[in-house]
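Work through the exercises below with the model open. Try each task before reading its solution.

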Amino acid sequence: MGAPLSTRSAQVIDLETVRQRQQARKCLVRLAPELDGLEMVYQLAASPDTYYGLPILAWGLREDGSVVGLVPWMESLAACHELDSHESGFFVGYRDPETDEIFDTPPDHKYDELHASASYFEYEASSDVTLIQQLPDTLGTHALCMNHPNAPWHMKQVYGWRLYSDGSIEAMVADEQKASMTPILLGDKCLYDAHSRHQTVYFFQRHIANRILEEDPATLEALALMVVPSGDYA
């Protein structure tokens, strides 16, 4: 015999609403720059015996109170511990290059810093998306900006990052024709969010960006393999 049916009304669970709530708790609410040279360590499936280091740009505080390391990665400013691609790399841990210590979680002092600053700069909730914070780019990050098939691509220096109230982060690049002073600094009117003008944006470390600009054959070949299949760019 089957189990007796309950006389209570069935509770309908809206899975989409649950998903949205969980996603909202992952939204970033505060950033802190990494100024001590800490790195993200990752591996590639093609080189299982080799570890790679990538400087961390910043640390982010999420709505749920957790802290994550952030690096410019492919098409976004990504949370280190969420990188899990056998092709482009998967997260191993964080590293202090001075001591060679590798650890799994962000350092305690970043928790303290981010929670204290978030408490001090407490923003009221609003239906309008507003600018929360601007962070300079200290890594020499460059953005490969493309708009549509067969259109010229542009390699632009990333001058900083903007955190908005909906948790989104945008890279700031410059319209050089509108630049009136040098060096270009945060707050200059020539800066704009990369995705506001460019359909596709890929981020590269400084040394890789320079190889692309120098038209290094091996680098351009690797770039074509990465970009063309996903965006059908010629």
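**Exercise 1. How many aromatic pairs does a search of the whole structure find? Classify the pair of Tyr-42 and Tyr-52.**

Step 1. The search finds 7 aromatic pairs. Rings of Phe, Tyr and Trp (its six-membered ring) pair if their centres lie within 6.5 Å; planes under 30 degrees apart count as stacked, over 60 as edge-to-face and the rest as tilted.

Step 2. The ring centres of Tyr-42 and Tyr-52 are 5.5 Å apart and the planes meet at 25°, so this pair is stacked.

Step 3. Locate the partners. Tyr-42 belongs to strand β2 (residues 39-44) and Tyr-52 to strand β3 (residues 47-55), so the pair ties together parts 10 residues apart in sequence. Helices (H or I, at least four residues) and strands (E, at least two) are DSSP runs, numbered from the N terminus.

Step 4. Check burial. Tyr-42 counts as buried at 12% relative accessibility. Tyr-52 is partly exposed at 28%. Buried means under 20% relative accessible area, exposed over 50%, partly exposed in between (1.4 Å probe, protein chains only).

A note on the model: it is predicted, so local features need pLDDT of at least 70 and side-chain atom pairs count only at pLDDT 80 or more, while totals for chains, interfaces and linings use all residues. Residues are numbered from 1 along each chain as its sequence is written, and side-chain values use heavy atoms, with hydrogens and water left out.

**Exercise 2. Which residues of strand β4 are buried, taking Trp-59, Leu-61 and Arg-62 in turn? Find their partners.**

Step 1. Trp-59 is buried, with a relative accessible area of 0%. Trp-59 and Tyr-94 form a tilted aromatic pair, 5.1 Å centre to centre with 55° between the planes. The pair links strand β4 (residues 58-62) to strand β8 (residues 89-96), across 35 residues. Tyr-94 is buried at 1%. Phe-91 and Phe-103 join Trp-59 and Tyr-94 in one aromatic cluster.

Step 2. Leu-61 counts as buried at 4%. Beyond neighbours within four places in sequence, its contacts (heavy atoms within 4.5 Å) include Cys-27, Val-67, Leu-114 and Ala-118. The C-alpha atoms of Leu-61 and Ala-118 are separated by 8.2 Å, and the two residues are 57 apart along the chain.

Step 3. Arg-62 is buried at 10%. Its side chain meets that of Glu-82 in a salt bridge (2.9 Å, N to O). A salt bridge is a side-chain nitrogen of Lys or Arg within 4 Å of a carboxyl oxygen of Asp or Glu. Glu-82 sits in the loop between β6 (76-79) and β7 (84-85), 20 residues from Arg-62. Glu-82 is partly exposed at 42%.

**Exercise 3. What lies over the face of Tyr-192? Trace its salt bridge.**

Step 1. Arg-197 lies over that face, 3.8 Å from the ring centre. A charge sits over a ring if NZ of Lys or CZ of Arg is within 6 Å of the ring centre and within 35 degrees of the ring normal.

Step 2. Arg-197 also forms a salt bridge with Asp-175 (3.2 Å, N to O). Asp-175 lies in the loop between β14 (169-174) and β15 and Arg-197 in the loop between β15 and β16 (200-204), so the pair ties together parts 22 residues apart in sequence.

Step 3. Asp-175 counts as buried at 15%. Arg-197 is partly exposed at 39%.
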